Every structure is written in C-alpha cells, then in structure tokens.
Amino acid sequence: MDMLVGGIQSIAAELGQAAIFLSIFSALWAIVSLFIGLRVRKPNIIKSGRNAVAATFILISIATGALIFSFVTDDFSMKYVVEVSSAAQPLLYKITALWGRMSGSLLFWLWLLTVGGAIVAWQNRKAADNLADYALIPIAVVQLFFILVVTGWIEGVYNPLDRFPGGQAMVDGQGMNPLLQTPSMAFHPPTLYIGWISLTIPFAYAVAALLSGRIGSDWIHRSRRWMLFSWIVLTIGITLGGNWAYRELGWGGYWAWDPVENASFMPWLLGTAYLHSVMIQEKRNMLKLWNILLITLAFQFTLLGTFITRSGIITSVHAFAQSDIGWYFMGFIIISTAGVIALMAYRWQRLKSANRLESLLSKESAFVLNNWLFVGLTLIILWGTLWPIISEAIQGEKAAVPESFFNKVVIIPGLILLFLTGAGPIISWKKITPNNFQRMFISPLFVGVVGGVVAWLFLIFRAHAKAAAEISAEVTEVATPNFLMRLWDFITFSGQPMPIFSILCVFASVFVLVAIFSEFYRGAKLRAKRQATSFLNGLGLLIQRNKRRYGGYIVHIGIVILYIGIMGSKGYFLLENGRLKLGESMNVGDYQFTMKDSFLDEHDNFIRSGVEFEVRRNGGKPTTMRPSRHYYYTTGQGEQDTIESAIQHQGMNDIYIALGPLPTKEILGGKMSMPEKIDKETVVNLSIYHNPLISVVWIGVAVMVIGGLVAIAEKSITTPRSQTV
Amino acid sequence: MKQRRLKVFAASLILLSGFVILVLAMTKKESMRELTPVKLIANAETMDNQNVQLVGAISEESTAWDAEEFKLTFAVRELEKTATKIESIETVNVIYNKLKPDNFIDGGNVFVEGKYDAKQNVIIANKVTTKCASKYEEAESAKTTEGSS
C-alpha cells in the first residue's frame, strides 16, 4: 500500500513539474498568437491564443493539485512539504500550508492568476468585440513572469515541487508555525492574494484599451465587477489580518503600520480612488489618462508589496525570507510601467479629457480631491515605509519611522476624506448652487455641529471625572479657583490637550450619516409616491434600481462606523499590567478581575496552561474569562509557547487579558520545557486591556462589504457605440 | 477659463504644500536611526538619550523575566550571518516593561524601539517586535539577510 502511495506521489510530483515547464510555452503561445491574431485580424489565431490561456490554467491547476496531494498524503520526499507541514498537522493546515511559505505562495498566486485569465476568456468567448482578447495579452505576460519565478530558476527561490536529491525522504516535516494554525490565518493570505490578483484584470483592460485604441468607458464597464470584487476581497483580507493579530498576538491591537501591512493597504487605497474616479469618466468623459494611471499604480503596488517584503531592504516584523526575487519583481514593475507609459504616450490625443472642471465646488472637484487624498495617503505611507532606503540615500544612514509617525500624518487627510464621504454624494454636478447648498448641506452640517458639541461635552466630563479620581487618589490639597477660572479649566480640559481630532471625527461622522440617510429618505419617499407603495417598499425599489449608487452609500455608512471604531479603540484604550496570585484581584476601568483558579489540559498537538478570572463590572453579575498559553511540543509543531488571549465582548467594547510567562519544567535534558499547573504561590503576570468600540471596527468593515456586494450586483452597463471611440 | 484654471492650480498647490510640509516635519520629528548593536555601541556618544531602532538577534541565554517588576531584560547581538566573531560578543541590553511577545526565542531576530542610555549600554524599549509567524523562512533562502536589516 505504502509503495503504491509512494508511486502515485512520485508521479504526481513529476507531472506537476512537467506542467509548470509546459505552461511557459502555453503562456508564450497566448501572448504571441493573440498579438498577431489581433494585428492581422484572424479569428482562428485569436481563438488559438484564447485556448492557450485555458491551457495555462489547466497546466497550473495540475501543478497546484499535485502539491496539495503531496501535503495531504504527507510526501516528505518533497522539500516544500517538509518545511511547512508535518504528519501531526491537522488536515486544514496541511492544505493551507500551500501558501505557508514563499515558493508555494507564488504557485498559488500564479494559479489564481490563471483562474482569472480563464474566466476572462470564458466570459468573452462570444463578445462582439476583441477588447477582452487584448486584455488577455497583459494577463498572459503577468502569468509568464510568475511561471518563470515558480520554475526555481531565480536564486533563492526553489520550485515548490522539487524533491530531495537521490530519492531521499524525511521521516516527518518541520511543521507550520503554531501562530499560523488558526482559522483567520488560514484565510487571511488567500483572501489578500485573490484581492491583489483580481486587480490584474482591470489593469489588463486598461492596457487593452491602450492597445486597441478604444479609450472610452468600455474597458471600465468590462472591468467594473472585477474591480469591485477585488476591493471587497481586499477589504476582507486586510481585516482578517488585523483580526488575527488582535486575537493571536496578545498585544491588544490590530494595526501597527508594519511595512507588510502597508503593502496590503496601499493597493486598497489606490483601488478605492479608482472606483471613484471612473465615475467622472463615465459621467463627464474626463480623467481618462488619470484612470489608466491609477489602475496601473494599483496593480503595480500589489507587486511592490512583494518587493518590500522579499528584497530584504526594509526591516519588517513580517520577516519573509529574502532573496533575489524582490529585485525581479522590481524589474518587472519598472518594465511593465514603462510599457504602459509608452502606450499612453502613443495614445496621447485620445486620452485628452472632453470636459474640464467648471467649479471648485462641484461633485467633480469633490471626486478629484478625494482622488488626491487617496493618492496622497498612499504616497505618505509609501514614504514612511521606504524611509529606511530614502534616509540612507539622503543622509547616508538608515533610519526608520515608528507607528506614531503614520498615526499622526494620516489623521488630517483621513478626516477630510471622511467629510467628503458625505459631501461627495450630495454636492451637485458641474457647480454647487445656493439652492443645492441650502437643500442638501444645511441640515447635515447643523446636526454634525450638534454631534461635535455633544462629543466635546462628553469628553470634557470624562476627562474631569478621570482627573477628579486621580486627585482624590493622591489626596492632594487643591486651591479652589474662582468661577471663571473653573469654567476656563472646564472647557479646556484642565490644561490637558484637547482631543480635537475626536471631536472633528464625530462632527464629520454625524454629518456624513445625516447626508447619506437623507439621500436614502428622499429617494425612497419619491419612489414610494411614484409607485404608490409603502416607504419600505420604496426603499427596496430604490436600492434595487440603482445598486451601484446606493451600494456605494452603504459602503460610506460602513466607513463612518469604521472611523468611530478606530477613534474609540485607538484613542481611548486602557492598559494595565499586573501580577496576581490565585485569589487576588486587580481593577481596570470599571472592571474588577479576580484570579479564581488555574487549569492545565492536553490537546492533540499542544498543552494548554491558564487561569480562570471572575470579572465584575461595577460590582455587578460575574462573568468568566480564561486566558492561557499554548505549549506546542510535538515534533513539527514549532516547539514554542504562544499567548492565547481571552477576549470578552461587553457591548461594543472588549476586555482582553493576555498572560505573561507561566511556570515550566525542563524535560529531555533541558531540550524542551513543559508547563506546570499554577499553584497558590505562583505569581502570574498579565496585561489587561479595555478596548472601547473595537467591535464597531469589525461591524464597520462588515457594512462596507455588504455595500460592496450590493454595488457588485448591478450588471455592467452596455456602452453606447459613440463612447467606444 | 484661465482664471478658473489658476484657481484650481492654486488650490492644488496649497493642498500639496500642506501635505509635503506635514510629512517632512513629522519625518524629521519621528525619524530614528536604525542600527545594529555594533554600530550603536560605536556611535554610543552621539546616540546617548536618543530614540533608536535596534535590529539584531536575541543573545542566547540572556533573557530574564522579573515577575515582581514586570520586566523583561535581554541582550541583542549582531545577526549571526553578518557578524564576525568579535562583533558577536558585543551586545546591547534591553529593558522592556511589557509582556514578552510570541516567537521570542534565543537567536531569533528582534527589533527594538526605545531610548538608548549609553552609560549603561541599555535601551529602555517601548516596542519589541519579533519576526512574525509567516516566517520561519531562513532556510528557504539561499542568500542571507546581510546588510539588509
């Protein structure tokens, strides 16, 4: 039986290798035949090119399938399987090991790319024009680049289907890092990959527009759903990463502006800018050049992420293996961008806008400002991320900027963008009129100001309550000031820095919500009146008839919710470090934590040691929290211990406990440590966080995704012949 | 028409200038030198009382957790692959008053942000980061991280 499995494993690996090498020819065939076929207008040659795209998909599917088969059947004669998997690894993580490290990630990326190419070819097999065939050329070029990377010809990257020389096989594998063996980490990388890869398709359509000379809105319509799909998936992927960090790493946060986080965020920002600017091209026939540039940048930034993480030039917490691959990516970025710029120069005349901005106060200007801010934010983040290289080039010494740099520089453009989230939908096209301002802006602005004042008063009372508690704790004699001084002290937060950004955030959020809900209300009321139906039916009809617009508005509501969540969780969290023995208590905010008991239990591939807390809010009903540490000891499981935080949702807030080192005893002559049960004498170190409004962050993202799904449900618009130039 | 374009240009210029000034000012304020232990010790005088990002490896058997003080202490040495024998002896001590992060293992790569006290050769860290999990990848790479960190 073992011989049979071994034989099948060997055949599968050889087949996979052969498929990768054959795909070089199919990708080349696709590029050449599509290019020639479209040039000489021969449908048979074009069809042959399309078939080659399908062949690449089949070949890379065989290679990917072979690798998955090797993981599932524990083929430890394969180098990659040994490095990322082990016999004891649960099946889910054996499969997700496919993208556990660089070689497999690249094959997975390539496979997704071939899926995208095959879908484009299939969707457009009966299309009346050749725009999709033109788009298949850049797709095949990108595929060819990835195939060459996966073959293992580049120094530092081996072919994931490589076997050990001389038919050797290991007894077991090293196993995946325990921190990665969580459901959110199983899905976070593939979601990001899918998001990045689907950005290739709109980029390919932009290149297709340049190649074919059809610079109208046709390419935008064809790629609209791809772009929205990419945006939705990237939104989910980035959030899954943050959620994983929050749950697994024990530091109570979800975003730290690490270079790799930034690399995933920058294409999202550019993609969001693009989603807005294409509307100007569709409505006003403007920004044609800008849109092509923007989608090119968004695509290139997905590759730039690989350069940042793999070239070794940036110090990152995400310490991926460094190799020459980063520089190959940079070479491809430079060459492909130069190619797009050359095509833009060639089509210069057709890229000129048909209209110009008529006023600075118009929907068009709001969209342009929105684009500037998104691109500006991207450049700021890029600047901070690449600062080590820039500083070395300018000053001759490497320097870095901390997390606080990013927090400080993004806040102002971020708040302006938040305001535009409400202003954009309600401002009129071409030029704002006094009537438009009065009808659409006055109420949201007024309610926004009221919201800001309420937030200001709330924060004042909060700050004074805190100050009073501190004074009473210190039992300090304080001179009683006169009434005016007390009033001044009161409104200026007793000399403490005023949380102006929080107040502005609340003002802008309320403004946006009122503006957007008014849009829904007016539209639904009108629709209900016209159709002689109820308001709710009217609302349903309104969204159904214009999914793109109202889906977008739902996204805007999600953005507001997200901002509120970020404001609360980043700006007002509490952290207390403590040391407790069983039976002892500590207080954090309104909560009292009593360490009641300890536990030690064995699982399939780890031992869990932890403590049980009784938690009471203001002396109320008790709840239980069980933070722990997991000790992975089985061979191939990483042999380390990890923090397993306990998180309890209290409304929209979280309380979060992470444990410090716990007592262990050495085994195997000091080679390994095993946990010991915590007794009454053991001092347990812990960090307790109170994270206000953190659930609001996840809710905000969920609403954004729902909005995106509503928008994507709208079928692509058929472009009038006149616009397809 | 010309006047309107001028207005657009002026508004754009103001916005852009604002952005650039904000970013440059913040960069100047927040930027901290990124050094390895050997380079930090060599520049001890100029780096005294300065914020610094130290990049290196956790020195073997240097880690201690003081449960009473809630204090993690350890030493950082040069990354193995970049160090000569003499360099590998030079270490910078670190004091960190937060929980030990996951993946904190002897010889593992670590990034420390904090203020350097040259006299004591110690960094009072406000952030300690170990290499993130995706990683375990040193063996995959044929090249080292030489000079990169």
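Which residues have the most contacts inside the largest nonpolar core? In this predicted model, they are Leu106(A), Phe146(A), Trp219(A) and Ile295(A), and the core to which they belong has 190 residues. Helix 6 of chain A, which covers residues 131-150, gives the most to this core, contributing 15 residues.

One of these four residues, Ile295(A), may serve as an example of how the core is built. When its neighbours within four places in sequence are left aside, Ile295(A) is in contact with Leu199(A), Pro202(A), Phe203(A), Ala206(A), Trp219(A), Met227(A) and Tyr274(A). Trp219(A), one of these partners, is itself among the residues with the most contacts inside the core.

The chain as a whole may now be considered. Chain A has 725 residues, and 58% of them are buried. Its secondary structure comes to 20 helices and 13 strands. Among contacts between residues at least 6 apart in sequence, 74% join residues that are at least 24 apart. The accessible surface of chain A comes to about 30800 Å², and carbon and sulfur atoms account for 64% of that surface.

On this surface there is a nonpolar patch formed by Val32(A), Phe35(A), Ile36(A), Val40(A) and Ile45(A), which together have about 400 Å² of accessible area. Helix 1 of chain A, residues 2-40, supplies the largest share of the patch, namely four residues. Val32(A) lies in this helix. Is Val32(A) exposed, partly exposed or buried? Val32(A) counts as partly exposed because its relative accessibility is 43%, and partly exposed residues fall between the limits of 20% and 50%.

The strands offer a further subject, beginning with strand 3 (residues 585-588) and strand 4 (residues 591-602) of chain A. These two strands run antiparallel and are joined by four bridges. Within this pairing, Met586(A) stands opposite Phe593(A) of strand 4. The two strands form a hairpin with two residues between them, where Gly589(A) takes a positive phi near 60 degrees.

Strand 4 of chain A is also joined to strand 5 (residues 607-617) by 11 bridges, and these strands too run antiparallel. Their hairpin has four residues between the strands. Phe593(A) has Val615(A) as its bridge partner in strand 5, while in the pairing with strand 3 Phe593(A) stands opposite Met586(A). In a regular strand, the side chains alternate between the two faces of the sheet.

Key. Residues numbered from 1 in each chain as written. Chains lettered and ligands numbered in written order. Predicted model: local features only at pLDDT ≥ 70, side-chain atom pairs only at ≥ 80, totals over all residues. Heavy atoms only, no water. Pairing = 2+ DSSP bridges. Core = buried A, V, L, I, M, F, W, Y, C linked by side-chain atoms within 4.5 Å. Buried < 20%, exposed > 50% of the residue type's maximum accessible area, 1.4 Å probe, protein only. Contact = heavy atoms within 4.5 Å. Areas by Shrake-Rupley, 256 points an atom, 1.4 Å probe, with all protein chains shown as cover. Patch = residues over 30% accessible without salt bridge, like charges linked within 9 Å, V, L, I, M, F, W, Y side chains within 5 Å. Salt bridge = Lys/Arg side-chain N within 4 Å of Asp/Glu carboxyl O.
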